[in-house]
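Reader: I have a new chain to read. Please take me through it in short steps.

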Amino acid sequence: MLVFLSLAFGLVFGSFLNVVIYRLPRNQSIVRPRRSCVNCKNVLGFSDLIPLFSWLILKGRCRYCQASISFRYPFVETLCSILFVLCIFASPSSIGLTNEVVLLVAGWLLSSFLISLSFIDLDYLWLPSCLTKSAI
């Protein structure tokens, strides 16, 4: 059950990380406006925002203009999901914490920050201080 929950949370957080990776370097809000197609600017509906599955159902194309959607979006979602599951099996004995939930959430947060920082660094050779300081 925990593996399924981690997979689902990983997909959802990975979808949000895609927003962070795209908007943060462009000095755009990560909250508003709603997500839209980069090409035609149509606001995406709920069915277009289902992590990984909407990309597969739409065959990697925009519902409105048929423009190709980058493979990076499902890749980040899948990577985040896999790392969230791997956090379940992490058992750092040197930390001394006995609360497994705290370790799991800390692993999820660290994974999320590292994914965002890695992809922004790959694109821009820049590590945003707001993310770096928050991760520290």
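## Reading the model

Reader: Is aspartate 48 buried or exposed?
Author: The cut-offs decide: buried means under 20% relative accessible area, exposed over 50%, and partly exposed in between (1.4 Å probe, protein chains only). Aspartate 48 has a relative accessible area of 9%. So aspartate 48 is buried.

Reader: What kind of model is this?
Author: Residues are numbered from 1 along each chain as its sequence is written, and side-chain values use heavy atoms, without hydrogens or water. Local features need pLDDT of at least 70, side-chain atom pairs count only at pLDDT 80 or more, totals for chains, interfaces and linings use all residues, and the model is predicted.

Reader: What pattern does the protein chain follow along the sequence?
Author: Helices (H or I, at least four residues) and strands (E, at least two) are DSSP runs, numbered from the N terminus. The protein chain has five helices and zero strands. Read along the sequence, the pattern is α-α-α-α-α.

Reader: What share of the protein chain do buried residues make up?
Author: The C-alpha trace spans about 55 × 35 × 25 Å along its principal axes. The protein chain holds 136 residues. The buried share of them is 31%.

Reader: Which residue forms a salt bridge with aspartate 48?
Author: A salt bridge is a side-chain nitrogen of Lys or Arg within 4 Å of a carboxyl oxygen of Asp or Glu. For aspartate 48, the closest N and O atoms of the pair are 2.7 Å apart. The partner is arginine 63.

Reader: How many residues apart are arginine 63 and aspartate 48?
Author: Their salt bridge has its closest N and O atoms 2.7 Å apart. It links distant parts of the chain: arginine 63 in the loop between helix H2 (53-57) and H3, aspartate 48 in the loop between H1 and H2. Arginine 63 is partly exposed, at 40% relative accessible area. The pair's separation along the chain is 15 residues.

Reader: How many residues apart in sequence are the parts that aspartate 123 and arginine 72 tie together?
Author: Aspartate 123 forms a salt bridge with arginine 72, the closest N and O atoms being 2.5 Å apart. Aspartate 123 lies in helix H4 (residues 100-124) and arginine 72 in helix H3, so the tied parts are apart in sequence by 51 residues.

Reader: What is the relative accessible area of arginine 72?
Author: Its partner aspartate 123 is partly exposed, with a relative accessible area of 40%. Arginine 72 is partly exposed too, with a value of 27%.

Reader: Is H1 parallel or oblique to H3?
Author: Axes are lines fitted to C-alpha atoms, for helices over the stretch in contact, and angles run from 0 to 180 degrees between N-to-C directions. Angles under 35 degrees count as roughly parallel, over 145 as roughly antiparallel, 65 to 115 as roughly perpendicular and the rest as oblique. The axes of H1 and helix H3 (residues 72-89) come within 7 Å and cross at roughly 140 degrees. H1 and H3 are therefore oblique.

Reader: Are H3 and H4 roughly parallel or roughly antiparallel to each other?
Author: H3 and H4 pack with their axes 9 Å apart. The angle is about 150 degrees. So the two helices are roughly antiparallel.

Reader: How far apart in space are phenylalanine 9 and serine 81?
Author: Phenylalanine 9 lies in helix H1 (residues 2-23). Serine 81 is 72 residues from phenylalanine 9 in sequence. In space, C-alpha to C-alpha, the two are apart by 7.0 Å.

Reader: What accessible area do Leu2, Leu5, Phe9, Val12 and Phe13 have together?
Author: Patches are made of residues with over 30% relative accessible area and no salt bridge; like charges are joined within 9 Å, nonpolar side chains (Val, Leu, Ile, Met, Phe, Trp, Tyr) within 5 Å. Areas come from the Shrake-Rupley method with a 1.4 Å probe, and for residues only the protein chains shown count as cover. Phenylalanine 9 is partly exposed at 34%. These five form a nonpolar patch on the surface, with a joint area of about 410 Å².

Reader: Which residue does a cis peptide bond join to arginine 32?
Author: Most peptide bonds are trans. Here omega is about -5 degrees, and the bond is cis. Arginine 32 is joined to proline 33.

Reader: What is phi of lysine 41?
Author: Most residues other than glycine have a negative phi. Lysine 41 is found in the loop between H1 and H2, and it is exposed, with a relative accessible area of 56%. It is not a glycine, yet its phi is positive, at about 70 degrees.
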